[in-house]
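Open the model in your viewer and keep the selection tool at hand. The stops below go from one selection to the next.

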Amino acid sequence: MTKKPSPSYSFRISLEMPEGTASLSRLMAALGKAGSEIWEMKVISQDEGRITREILIQAPDSDTERKTIDGVKNLEGFRLLEVIDCTFHLHRGGKIELANKIPLQNRQDLAMAYTPGVARICLVIKEDIDRALDLTIKKNAVAIVTDGTAVLGLGDIGPTAALPVMEGKAMLFKSFGGIDAFPICLNTKDPEEIISAVKWLAPVFGGINLEDISAPRCFEIEQRLKKELDIPVFHDDQHGTAVVILAALINALKLVNKHLEEISVVVCGLGAAGMASISLLFAAGVRRIIGCDRNGILYRGRQEDMNPFKAALALKTNPEGRKGGLYNALQGADVFIGLSKPALLQGKDIAGMARDPIVFAMANPIPEIMPEEAQPYAAVVATGRSDYANQVNNVLCFPGLFRGVLDCHARDINEAMLLAAVHAIASSVKAGELKRDQIIPSIFDATVHSRVAAAVREAAHNSGVARSRKAYVSPMKSG
Ligand SMILES: NC(=O)C1=CN([C@@H]2O[C@H](COP(=O)(O)OP(=O)(O)OC[C@H]3O[C@@H](n4cnc5c(N)ncnc54)[C@H](O)[C@@H]3O)[C@@H](O)[C@H]2O)C=CC1
Ligand SMILES: CC(=O)C(=O)O
Ligand SMILES: [Mg+2]
């Protein structure tokens, strides 16, 4: 199957070549043969039968990118001047920076923003610590905390290699929630040390977003921090993912005319995302779920690769007591939810699912099955990626959710708030707009994040975890 070129493998080349359509055709043929696509082309200069062009190209993977560059280098009469990988270029020096909100132009400014004026603010906060929520960045700051042990589907790549992902999350917090989020990559895997580090950092932040910390350590870390801190703690890979999956599933089921209570669901991956998603699916009314991990189907009494969380889950899932691999689990299932590893499935593996199957292959960056391979067998297909329709990704949840939480100074994030976010996301696609390739709003939908924020705020007030009723003018771009 031909792979689709992706913006994540875009590169810009400058080359000098002979003028005329024959040379252009040779260039096109070389690109096509390698499997790349021209995205944009412009003429930089023209002189004595030679033309310098700048071309933006997209490839489906780095192998094709390399082959394309070699193909162009080998064209007779062509001279490759420069190659820039656009994704690497975009990351040079990092993707975010701190900026001052007020100018420092003279001694008056300095005397207020720094010493001596700042001391007045410090002393007010010393007397009443809650004033920090009004007089410091705490009001709008979230720590994105990772130890680098479960980064996307890349696994344990360490805290420094995790930093680009955390910077990316910080950008999403800012763009879609107006929130100042700081990447904190901790150089330890010890849960006690992670808990201590987050507690030491907590004075600066209005909320903690745990990210890409592997299971089962992440469950204890989150539970302990929720108990021991007075600011909201949220593990995005667990609950953000669960929220978006449930919202997408509610809408997908409308298309195939099935109901949560009657479907059977296979969740592949019993880590942070898989466990929390199963828990929210049960809370929403799903009755039949089979969990799978790298040891196959989870069943009562299984011995391999168990932990207390899986043991508890085995009592609630797989009522028929099925055994075997993912393929066995999928026979007759209505829904597949992949939260595991790339490329585990082929089209034929999902052919035995029930009528109009729904396939959410959400491993990042490469899903369990690519959409083009799943589509012939499934009624609805979604992935976590930005370069396909139906992006089921926790970015639809966490910016709006934290916006709502910070606005009302919530001290916790509870299930009522998660379900409020689910319904805000699901209802952002109107019934008449629901389509096979539009079950979930785009993350660029101008209203979805503010709808999530409003719903979460409301649920926080109703469930008694909001500390402030004050109207708040949100700095959200989209709202
Ligand atoms: N689209 C989205 O919004 C999100 C996607 N994800 C993706 O879900 C995946 C899992 O993330 P986490 O739960 O945070 O990681 P995790 O490390 O906590 O869990 C990974 C799970 O995958 C299972 N697994 C590994 N190899 C497997 C195999 N060959 N067959 C079946 N299961 C296998 C492991 O047993 C484990 O249960 C990652 O690819 C991640 O990118 C996670 C969060 C959000
Ligand atoms: C989207 C996300 O948080 C992940 O893949 O880990
Ligand atoms: Mg993540």
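Start with ligand 2; the model around it is a predicted one. Select L152, D212, D236, D237, N364, G384, N393 and N394, which surround ligand 2. By class, this shell holds 1 nonpolar, 4 polar and 3 charged residues.

Next, ligand 1. Its surroundings comprise 28 residues, of which G153, G271, A363, N364 and G384 come nearest. Colour α10, α11 (272-284) and β10 (288-293): these are the elements that contribute two or more residues to the shell around ligand 1. The top contributor is α11, with 3 residues. Sorted by class, the shell around ligand 1 has 13 nonpolar, 11 polar and 4 charged residues.

Now pick out N364 and N393. An unreviewed UniProt entry lists both under "binding site". They span 30 residues in sequence, but no two of their C-alpha atoms are more than 9.5 Å apart, so they gather at one spot.

Zoom in on N364 first. Look for N364 in the loop between β13 and α15 (371-374). It counts as partly exposed because 16 C-beta neighbours lie inside 10 Å. Leaving aside residues up to four places away in sequence, N364 touches L152, G153, G384 and R385.

Then move to N393, in the loop between β14 and α16 (398-407). Is N393 buried or exposed? With 23 other C-beta atoms within 10 Å, N393 is buried. Its contacts, again without residues up to four places away in sequence, are V244 and G384.

From here, turn to the sheet. Show the strands in the order β11-β10-β9-β12-β13-β14: these 6 strands form an open sheet with mixed pairing. At the edges stand β11 (296-297) and β14 (380-383), each with a single partner strand, so one side of each has no neighbour in the sheet. Within the sheet, select β12 (residues 335-338) and β13 (residues 358-361), which pair in the parallel sense over 4 bridges. Opposite G338 you will find A361 in β13. Add helix α10 (residues 236-256), which packs on the sheet and touches β12, β13 and β14. The direction of α10 makes about 155° with that of β13.

The last stop is P60, in the loop between β3 (50-59) and α2 (62-73). P60 counts as partly exposed, because it has 17 C-beta neighbours inside 10 Å. Select K3, K4, P5, S6, Y9 and G35 to see what P60 touches, not counting residues up to four places away in sequence. Finally, draw a C-alpha to C-alpha distance from P60 to P7: they are 53 residues apart in sequence and 8.4 Å apart in space.

Technical notes: Residues numbered from 1 in each chain as written. Chains lettered and ligands numbered in written order. Predicted model: local features only at pLDDT ≥ 70, side-chain atom pairs only at ≥ 80, totals over all residues. Buried ≥ 20, exposed ≤ 12 C-beta atoms within 10 Å, placed from the backbone. Contact = placed C-beta atoms within 7 Å. Near = placed C-beta within 6 Å. Nonpolar A, V, L, I, M, F, W, Y, C, P; charged D, E, K, R; others polar. Pairing = 2+ DSSP bridges. Axes fitted to C-alpha atoms, helices over the stretch in contact; angles between N-to-C directions. UniProt positions renumbered as here; feature names shortened; annotations may be inferred.
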